[in-house]
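Visitor: Could we go through this one together? I would like to begin with the interior and then move to the charged pairs.

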Amino acid sequence: MAVNEIYQYSLVNALMSGVSDSGITVTQLISKGNQGLGTFVRMDGELLLLDGKVYQLQAEGKIRVADPDDQIPYAAATHFRSQDTVTVRLENKDSIDAVLEKFNDHASNLFMSYRVEGKFQRLKCRTVKGQEYKGQPLSELGKKQFVAEYVDVEGTIVGFRSPATWQGFFVAGEHMHFIDKEKKLGGHVLELQAEEVLMGIATVNNVHIELPTSDKFNSAVMSTDDVGLKSVEG
C-alpha cells in the first residue's frame, strides 16, 4: 500500500451481522500500514495499530500487545503521512470534524485520516466485551459495552472520517480509537475534550477493500442498519 491510501479488511456490515470468527493476521495488518483500527475475533475488544504495533484494548481497561498470529475479522489501516499538522483546541468530538473541514472543505466525499497527540482533559471511551454466542451482532454487543471516563490523560488518537455514502462498508463520519502514553488504557472514543493537542491530517482518495472468502461471510445476510450503527459507534 502506498502512503495515505486506506486498506480495509471486511465490512462493518459483516460485524453487524455477527461475522467475526476469523480474518487476517496481525502480521498481515502491520504490512498494510503504520496506523489503523478494527477489532479482534469474536469482537473481543478494540484494535489499535500504532507505529507498527497492534494493541488489543479490552474491556475493564486492560491492554495487551497482540500476538503476530492473532486474527482480525475487521480493520482499516493506512501508511499515514501528515499533509498538515496543526495545534488545536477540541471542545468536543465534533471539533475534530471542524478541524478537518478547515484543512479540506472539499473532502466530504473523500476519506480523511488523522492522528491526534497530546494531553486530553477528558475522554470517554468504550470497549466491546466480545461475543457471548456465535453470530451475536455488534449492535447487541453495544448494549453491554464497557465505558470508562479518563481525566487529564496523555496519549494518541488514531482516526478516519468516511463519507456518509460508505456507511456499512466503513463507519460513516468519525471513527477513532485512543491509547494512553503508557499503553495501559484506551478504547473507541465516544467523547473528548482537549485544550491544546497536535493533529496531523491527510486526505485519502484511494481505498483498497479485501473481502473475506469464508462461508460465514458469503452466507451472511447483510444490510446497512444506520440507526444501529450510530448507536453502537457513538
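Visitor: Which residues have the most contacts inside the largest nonpolar core?
Guide: In this predicted model, Leu 123 and Ile 157 have the most contacts inside that core, which has 27 residues. The elements giving two or more residues to this core are β9, α3, β10, β11, β12 and β13.

Visitor: And what does Leu 123 touch?
Guide: Leaving aside residues up to four places away in sequence, Leu 123 touches several residues, among them Ala 148, Tyr 150, Val 153, Ile 157 and Phe 178. Glu 149 and Glu 191 are also touched by Leu 123.

Visitor: Those two glutamates, which network of salt bridges are they in?
Guide: Glu 149 and Glu 191 are linked with Arg 122 and Lys 124 in a network of salt bridges. Arg 122 pairs with Glu 191, with the closest N and O atoms 2.8 Å apart. Arg 122 lies in strand β10 and Glu 191 in strand β13, so this pair ties together parts 69 residues apart in sequence. For Arg 122 and Glu 149, the closest N and O atoms are 3.3 Å apart.

Visitor: Is Glu 149 buried or exposed?
Guide: Glu 149 is exposed, its relative accessible area being 51%. Arg 122 is partly exposed at 27%.

Visitor: Changing topic, how many cavities of 30 Å³ or more are there?
Guide: The count is 2. The second largest holds about 30 Å³ of space, and its lining includes Leu 37, Tyr 74, Phe 160 and His 175.

Visitor: What is the character of that lining?
Guide: The lining of the second largest cavity has 6 nonpolar residues, 2 polar and no charged.

Conventions. Residues are numbered from 1 along each chain as its sequence is written. This is a predicted model: local features need pLDDT of at least 70, side-chain atom pairs count only at pLDDT 80 or more; totals for chains, interfaces and linings use all residues. Side-chain values use heavy atoms; hydrogens and water are left out. On a 1 Å grid over the protein atoms alone, a cavity is a set of points where a 1.4 Å probe fits but cannot get out, and a pocket is an open set with protein on both sides within 12 Å along at least five of seven lines; lining residues have an atom within 4 Å of a point. Grid points are joined across faces, edges and corners, and a volume is the space filled by probe spheres set on the points. Ala, Val, Leu, Ile, Met, Phe, Trp, Tyr, Cys and Pro count as nonpolar, Asp, Glu, Lys and Arg as charged, and the others, Gly among them, as polar. A nonpolar core is a set of buried Ala, Val, Leu, Ile, Met, Phe, Trp, Tyr and Cys residues joined through side-chain atoms within 4.5 Å. Buried means under 20% relative accessible area, exposed over 50%, partly exposed in between (1.4 Å probe, protein chains only). Helices (H or I, at least four residues) and strands (E, at least two) are DSSP runs, numbered from the N terminus. Contact means heavy atoms within 4.5 Å. A salt bridge is a side-chain nitrogen of Lys or Arg within 4 Å of a carboxyl oxygen of Asp or Glu.
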